[in-house]
Each structure stands twice: as structure tokens, then as C-alpha cells.
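Colleague: I should like to request a close look at a single part of this structure, the stretch that leads into the metal site. Please explain it step by step, and then set it in the context of the whole chain.

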Amino acid sequence: MLFLMGERNVLAVLQEAFIGKCAGDDFSVDVPHEQAYGRYYPDRIQRVPKKKIDNGANRKFQIGQILNMQTPNGRSPATIVKVGKFNIDVDGNHPLAGKDLRFDVKIIAVRESTEEERQHGHAHGPGGHNH
Ligand code: ZN
């Protein structure tokens, strides 16, 4: 992937690990879940009537499918964890919530950012932001 250093394009702790490194360096970064996608909250699993999701259209739902759920805080993705006859259980946790992560990193290349990239706050090009 291509990212713009100094912006919130990657996890903060991962970005910190890049400081002082050069092209060709490889290293691993361990990120505890508290610094990644946070705790896993069991109460974010909810049972929702199918009718409420598809308006009675009898759509097929599958475990692992991601739905955009309406919540009091706006739309939020949730993963289907169980499909019943009339109800669906969805998990509103981030798929990586509660997981300690390890990134194996190899820096392929480093270049100056362009004015446009700095304005946009992300890198342009293959592996970066695509407009
Ligand atoms: Zn852009």
C-alpha cells in the first residue's frame, strides 16, 4: 500500500514505527488491540427482524455478509453472525476488535509528497487513493 506519512492514513502506532526507517527496511510491529480497533463489546451483537432490514423483500442473507445498519449515531457497518428464519444476528464490532495485530512491514520506496497529496491528506497512485 501507499500512504501519506503524517496523516491518519494508518494506525498511529504503526506510523510511529516508520520514523527513522528507509526504503529496504523490514520490521514487524505488534499492535495491542487497545491501540488498534479497540475492545470487543459482546453487547454490540443485536438480533434484528429480517423484515426490518429488507422491508419484506425476502432477501437472502449470509453469515459474514456486511450490512449498513442505521444506529442512533448514524450508519454503521455490522457483520451478520447468525441467520434465522425471521431474525438476523448482527455484530456491530469492527471485525478486528479485540484482536492484537502484528504487521510485517517492508518499505519498498519512499518519495516526497506532492502539494495536491498534502492538500487531500492522502497519497495518490497505485496502492494509494484512487479518485
Ligand atoms: Zn486525493
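**From an exposed loop to the zinc ion**

Modeller: Ile108 counts as exposed because its relative accessibility is 69%, and the threshold for that label is over 50%. This model is a predicted one. Ile108 belongs to the loop that runs between strand E6 (101-106) and helix H3 (115-120). A distance shows how far this loop residue lies from another part of the chain: the C-alpha atoms of Ile108 and Gly84 are 47 Å apart, with the two positions 24 residues apart along the chain.

Beyond helix H3 comes the segment that holds His122. Is His122 buried or exposed? His122 counts as buried because its relative accessibility is 16%, and buried means under 20%. His124 is buried as well. Although 115 residues separate His122 from Glu7 along the chain, their C-alpha atoms are 7.1 Å apart. The contacts of His122 also reach other parts of the chain: once its neighbours within four places in sequence are set aside, His122 touches Leu4, Asn9, Glu117, His129 and His131.

His122 is also part of the metal site. Which residues donate to the zinc ion? The protein donors are His120 through ND1, and His122, His124 and His131 through NE2. These atoms lie 1.9 to 2.1 Å from the zinc ion. Along the sequence, the donor residues follow the spacing H-x1-H-x1-H-x6-H. His131 thus has two roles in this account: His131 is a donor to the zinc ion, and His131 is one of the residues in contact with His122.

What is the geometry of the site? The angles among the 4 donor atoms run from 101 to 121°. A site with four donors is called tetrahedral if all angles lie between 85 and 135 degrees, so the site of the zinc ion receives that name.

Pro126 is placed in the segment after H3 too. Is Pro126 buried or exposed? Pro126 is exposed, because its relative accessible area is 81%. The segment after H3 therefore includes the buried His122 and the exposed Pro126. The C-alpha atom of Pro126 is 20 Å from that of Gln15, a residue 111 positions away along the chain.

A second group of residues concerns the start of the chain. The whole structure contains 2 aromatic pairs. In one of them, Phe3 and Phe18 meet edge-to-face, with 5.2 Å between the ring centres and 65° between the planes. This pair joins distant parts of the chain, since Phe3 is in the segment before helix H1 (12-18) and Phe18 is in helix H1, 15 residues away. Phe18 counts as buried because its relative accessibility is 16%. Phe18 also pairs with Phe27, again edge-to-face, at 5.7 Å centre to centre and 80° between the planes. Phe27 is buried, as is Phe18. Through these ring pairs, Phe3, Phe18 and Phe27 are linked into a cluster.

Another loop deserves attention for its backbone. Asn55 and Asn58 are both placed between helix H2 (50-54) and strand E3 (66-71). Asn55 is not a glycine, yet its phi is positive, at about 55°. Asn58, likewise not a glycine, has a positive phi of about 60°. Asn55 is exposed because its relative accessibility is 72%, and Asn58 is exposed because its relative accessible area is 66%.

The chain as a whole can now be described. Its secondary structure consists of 3 helices and 6 strands, and these follow the order α-β-β-α-β-β-β-β-α along the sequence. The C-alpha trace spans about 55 × 30 × 25 Å along its principal axes. The radius of gyration is 19 Å, whereas a compact globule of 131 residues would have one near 14 Å. Of the 131 residues, 29% count as buried, and the accessible surface comes to about 9600 Å², with 50% of it belonging to carbon and sulfur atoms. Among contacts with a separation of 6 or more, 56% join residues 24 or more positions apart.

Key
Residues are numbered from 1 along each chain as its sequence is written. This is a predicted model: local features need pLDDT of at least 70, side-chain atom pairs count only at pLDDT 80 or more; totals for chains, interfaces and linings use all residues. Side-chain values use heavy atoms; hydrogens and water are left out. Donors are N, O and S atoms within 2.8 Å of the metal (3.2 Å for Na, K and Ca); water is not among the atoms, so sites may look incomplete. Four donors count as tetrahedral if all angles lie between 85 and 135 degrees; four count as square planar and six as octahedral if opposite donors are over 155 degrees apart and all others between 65 and 115; anything else is irregular. Buried means under 20% relative accessible area, exposed over 50%, partly exposed in between (1.4 Å probe, protein chains only). Helices (H or I, at least four residues) and strands (E, at least two) are DSSP runs, numbered from the N terminus. The radius of gyration is taken over C-alpha atoms; the globule rule is 2.2 Å times the number of residues to the power 0.38. Contact means heavy atoms within 4.5 Å. Accessible areas come from the Shrake-Rupley method with a 1.4 Å probe; for residues, only the protein chains shown count as cover. Rings of Phe, Tyr and Trp (its six-membered ring) pair if their centres lie within 6.5 Å; planes under 30 degrees apart count as stacked, over 60 as edge-to-face and the rest as tilted.
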